[in-house]
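Visitor: I'd like to go through this one label by label. Could you show me the model, and then I'll ask what stands behind each term?

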Amino acid sequence: MARRKSSGITSLSFNQDQGCFTCCLKTGLRVYNVEPLVEKAHYSKEELGEVSLCEMVFRTNWLLVVKARKPYSLLLLDDQQRAFKAEVVFKSPIRALRARKDKVAVVLTSSVQVLALPTFQRVALLRTPSSARPLCAIATEPNATQILAAPAHRTGSLQLLDVSSVHRDGGSSAPSVVRCHRSALVCVCVSGSGTRLATASARGTLVRLWDAVSRQLLHELRRGSDYADVYCISLSAQGGRAVCVSDKGTVHVWARGTHVAAARAPPDTRALCALTDDDSAVVVICEDGTFHKFTFAAEGNCHRSDFEYFLQVGDDDEFLQ
């Protein structure tokens, strides 16, 4: 998710276990822990300049960084040493990043390239339509089938590729294609286990949940009757619970295909959502600099249990030790 706001935020991204998030800024980069909400790392404009994208690699010291002034370059930053350790340059601008511990998927203008970490050796390639949104998702658990999902050339379709096998020439086997929606895809998510897949289209009225192995449709999750821009879908590790947030300022939660809760988030500001480890709450981070935590209530709603302006949150020496 990347769009400039008056807050100075250029993009936000949760890490793979959704316990941390990065905040890219015109004035540098910050990394936050979610519970408790504390700042873990802070890089100034003098150190990094304006940062467009940043992807954590779980909770390791590796940060994958794209600078605004070097949009074709992917940099590997060692947060412990505060120094860059590797760089790879592409022929087109980097539009999005998705990482697991051993690989990173790099979304370019008309392809998704998968690189090994930390060597940046190319291990897979998917051709994608240049008109598509910069969408990509990958299974992140160590023992999961390494499913990579990205838009296919047919409108509303998704291509799935197992990127677990490394080819010497950087190529890959042919992907399978799933016809997900009639209109263009705007959001895609793969569960950490690689067993479930969720998609949303430009209509934004529903989220479809798929079996990523059989490619069969499991549930249609109704978001609403009005068109909406779905900003983010997040799945629990095994895919049993789903949450989404849209430009309508609503957060919807489903369990096993049934709508169980809804909450209000700031409308008209791009946002990301994530489930907590025990699936008892949803965290929403917004490009206006706000942090929201919603805890599920028995009556089918969420109540907001935490709210912060995360750009005003400092570090915590006791936590960092």
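Visitor: What makes β25 and β26 a pair?

Guide: Two strands pair if DSSP finds at least two bridges between them. This is a predicted model, and in it β25 and β26 (residues 281-286) are joined by 5 bridges and run antiparallel, so they qualify as a pair. One spot to look at is Cys273, which stands opposite Val284 in β26.

Visitor: And how are β25 and β26 connected, with how many residues between them?

Guide: They form a hairpin, with 5 residues between the two strands. Asp279 sits in that turn and has a positive phi of about 60°.

Visitor: Why is β25 called largely enclosed?

Guide: Buried means under 20% relative accessible area. In β25 (residues 271-275), 5 of the 5 residues are buried, so the strand is largely enclosed by the rest of the structure. Both faces are covered: Leu272 and Ala274 are buried on one side, and Ala271, Cys273 and Leu275 are buried on the other.

Visitor: What makes β21 and β24 edge strands?

Guide: Start with the sheet they belong to, an open one of 4 strands in the order β21-β22-β23-β24, with antiparallel pairing. β21 (230-235) and β24 (258-264) each pair on one side only, and that makes them the edges. Neighbouring strands in this sheet are turned by 15° against each other on average, direction ignored.

Visitor: How do you know that β23 pairs with β24?

Guide: Again by the bridges: 6 of them join β23 (residues 250-255) to β24, and the two run antiparallel. At least two would do, so this counts as a pair. Ala255, for instance, has Thr258 in β24 as its bridge partner.

Visitor: What is unusual about phi in the loop between β23 and β24?

Guide: Arg256 is in that loop, and its phi is near 50°, a positive value in a residue other than glycine. Most residues other than glycine have a negative phi.

Visitor: Why is Arg256 called exposed, while Arg82 is called partly exposed?

Guide: Exposed means over 50%, and partly exposed lies between 20% and that value. Arg256 has 68% relative accessibility, so it counts as exposed. Arg82 has 38%, so it counts as partly exposed. Arg82 lies in the loop between β7 (73-78) and β8 (83-89), and its phi is likewise positive, near 50°.

Visitor: Where are the cis peptide bonds at Pro36 and Pro118, and how do you know that they are cis?

Guide: Look at omega. For the bond joining Glu35 and Pro36 it is about -5°, and for the one from Leu117 to Pro118 it is near 5°. Pro36 is in the loop between β3 (28-33) and β4 (38-43). Pro118 is in the loop between β11 (111-116) and β12 (122-127). Most peptide bonds are trans.

Visitor: What about the sheet that holds β3 and β4?

Guide: This is an open sheet of 4 strands, ordered β1-β2-β3-β4 with antiparallel pairing. Its edge strands are β1 (9-14) and β4, each of which pairs on one side only. β1 is joined to β2 (residues 20-25) by 5 bridges, and Leu12 has Cys23 in β2 as its bridge partner.

Visitor: Which residues touch the most other members of the largest nonpolar core?

Guide: Of its 34 residues, those are Phe21, Val251, Val282, Val284, Ile285 and Phe310. The core draws at least three residues from each of domain 1 (7-94) and domain 2 (98-312). A second, separate core has 17 residues, including Leu53, Phe90, Ala99 and Phe120.

Visitor: What is Val251 in contact with, beyond its neighbours within four places in sequence?

Guide: Its contacts include Val243, Val245, Ala261, Val282, Val284 and Phe294. In soluble globular proteins, nonpolar side chains tend to be buried together.

Visitor: How many residues of domain 1 and domain 2 are in contact, and how much area do the domains bury?

Guide: 34 residues of domain 1 are in contact with 33 residues of domain 2. Between them the domains bury about 2700 Å², 71% of it on carbon and sulfur atoms. Their centres, taken over C-alpha atoms, are separated by 20 Å.

Definitions and conventions. Residues numbered from 1 in each chain as written. Predicted model: local features only at pLDDT ≥ 70, side-chain atom pairs only at ≥ 80, totals over all residues. Heavy atoms only, no water. Buried < 20%, exposed > 50% of the residue type's maximum accessible area, 1.4 Å probe, protein only. Axes fitted to C-alpha atoms, helices over the stretch in contact; angles between N-to-C directions. Core = buried A, V, L, I, M, F, W, Y, C linked by side-chain atoms within 4.5 Å. Domains from an automatic or database assignment. Contact = heavy atoms within 4.5 Å. Buried area = accessible area lost by both parts, 1.4 Å probe.
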